[in-house]
Amino acid sequence: MRFVAVGNANLDIKIFTERIPSGDESVDALAASVTAGGAASNFAIAAAKIGIESHIIASLGDDSLGRIYLETMKQCGVNLSSVKVVEGMRTGLVVIINVLGEDRRMIESSGANEELRGSDIIERKELISSADEVHMASVRPEVASSVLELRKDASWDPGMRMIRKHRDEIWSLLGKTGKIFLNEKEAIALSGESDPLDSVIKIAGRGPNEVIVKMGAKGSLAWVEGEIYKVEAIPVKVVDTTGAGDIFAAVYLKARKRNYSVEDCLKLANAASAIKVSRPSTVNAMPSWDEIQTMSLVFYGK
């Protein structure tokens, strides 16, 4: 099975702290890490971890940040032959601040990610056409449109940042999209509705084959072929949410390809996210397929 991720290639600087410092103040970090990141990159790492041949199409700068990114992704088993390196550009950078007991905060600098073009997708059409799944994450509508011209069944996780910037363009492309992944806030922002279920129904009306919404502690729901499915979450202590949505998508897509029921796909995806958020780090915290199946069986049963 081969999955292709399309989207951002970043270096993530992640900091854990008890509180945000005031002006002209410093506080001690409880922990810190520097590693590869970006939603598509996290998806590619997650796919490799659960036993899938994983490729990524992304754009990097020719700098030290890019070299760290490439080395990390290589160690994770991701095929990097379709990564574009742009001379004179800086690799994308994200600072992630995890304050204990609060939602994470992120400061993003796109860098070379802005250089990923629709023409890059066309140049890699053979890879895209031959993949079992193509998953886009946090890509601009221009790039998404090029992917969707080649793969009507592609999945898409646009992310809140892109929804805020390009809501109308994303909305116009939903009819060409195979599966769309959103969290609760994103579904509401994209649909204009105030309730997740109403949001799913409205988004489904635009034409995607499947609409999947990740709702954290409230579980997940999906619209597939006119049916609504909802599965409760597995309660765990949340340590680090970065990458949880990406392993969710990778596991859901693998399970769908293996012809699991929609409900079982959601259970496995929930289990994967639960394991991920209970661990610090992103790259080293991605669970294996065996871990995911065990967690799902322990909590949900057969």
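In this predicted model, helix 10 (residues 262–277) and helix 11 (residues 289–300) pack with their axes 8 Å apart, at an angle of about 110°. Helix 10 is therefore roughly perpendicular to helix 11, given that angles from 65 to 115 degrees count as such. Two numbers are given here because a pair of packed helices is described by the angle between the axes and the distance between them. On the side of helix 10, the meeting residues are Lys267, Leu268, Asn270, Ala271, Ala272 and Ile275. Facing them from helix 11 are Trp289, Glu291, Ile292, Gln293, Met295, Ser296 and Tyr300. Sorted by character, the residues of this contact comprise eight nonpolar, three polar and two charged.

One member of this contact is worth a closer look. Ser296 lies in helix 11, and its relative accessibility of 8% means that Ser296 counts as buried, since the cut-off for buried is under 20%. What does Ser296 touch, leaving aside its neighbours within four places in sequence? The partners are Lys267, Leu268, Ala271 and Gly301. Lys267, Leu268 and Ala271 belong to helix 10. For a sense of scale, Ser296 and Leu93 are 203 residues apart along the chain, and their C-alpha atoms are separated by 34 Å.

A second pair of helices offers another arrangement. Helix 5 and helix 6 pack at an angle of about 10°, and their axes are 10 Å apart. These two helices are therefore roughly parallel to each other. Helix 5 contributes Pro141, Ala144, Ser145 and Leu148 to the contact, while helix 6 contributes His166, Glu169, Ile170 and Leu173. The residues of this contact divide into five nonpolar, two polar and one charged.

Helix 6 (residues 159–173) also has a notable form. How far apart are the end C-alpha atoms of this helix of 15 residues? They are only 15 Å apart, whereas a straight helix would reach 21 Å at 1.5 Å a residue. A kink of about 100° is found in helix 6, and its centre is His166. His166 is also one of the residues that helix 6 brings to its contact with helix 5. The buried residues of helix 6 are Gly159, Met160, Met162, Ile163, His166, Ile170, Trp171 and Leu173. These residues pack against helix 5 (141–150), strand 9 (155–157), strand 10 (179–183), helix 7 (184–191) and helix 8 (196–204).

Attention can now turn to a charged residue. Is Lys214, found in strand 11 (residues 210–214), buried or exposed? Lys214 counts as buried because its relative accessibility is 13%. Not counting residues up to four places away in sequence, Lys214 touches Asp157, Phe181, Leu182, Asn183, Glu184, Gly219, Gly245 and Phe248.

Two loop residues complete the picture through their backbone angles. Most residues other than glycine have a negative phi. Ser138, by contrast, has a positive phi near 55°, and this residue lies in the loop between strand 8 (133–137) and helix 5. Asn259 is not a glycine either, yet its phi is positive, at about 65°. The loop that holds Asn259 runs between helix 9 (244–257) and helix 10. With a relative accessible area of 69%, Asn259 is exposed.

Conventions. Residues numbered from 1 in each chain as written. Predicted model: local features only at pLDDT ≥ 70, side-chain atom pairs only at ≥ 80, totals over all residues. Heavy atoms only, no water. Axes fitted to C-alpha atoms, helices over the stretch in contact; angles between N-to-C directions. Helix = DSSP H or I, 4+ residues; strand = E, 2+ residues; numbered from the N terminus. Parallel < 35°, antiparallel > 145°, perpendicular 65-115°, else oblique. Contact = heavy atoms within 4.5 Å. Nonpolar A, V, L, I, M, F, W, Y, C, P; charged D, E, K, R; others polar. Expected span 1.5 Å × (residues − 1). Bend = angle between axes of the 7 residues up to and from the residue. Buried < 20%, exposed > 50% of the residue type's maximum accessible area, 1.4 Å probe, protein only.
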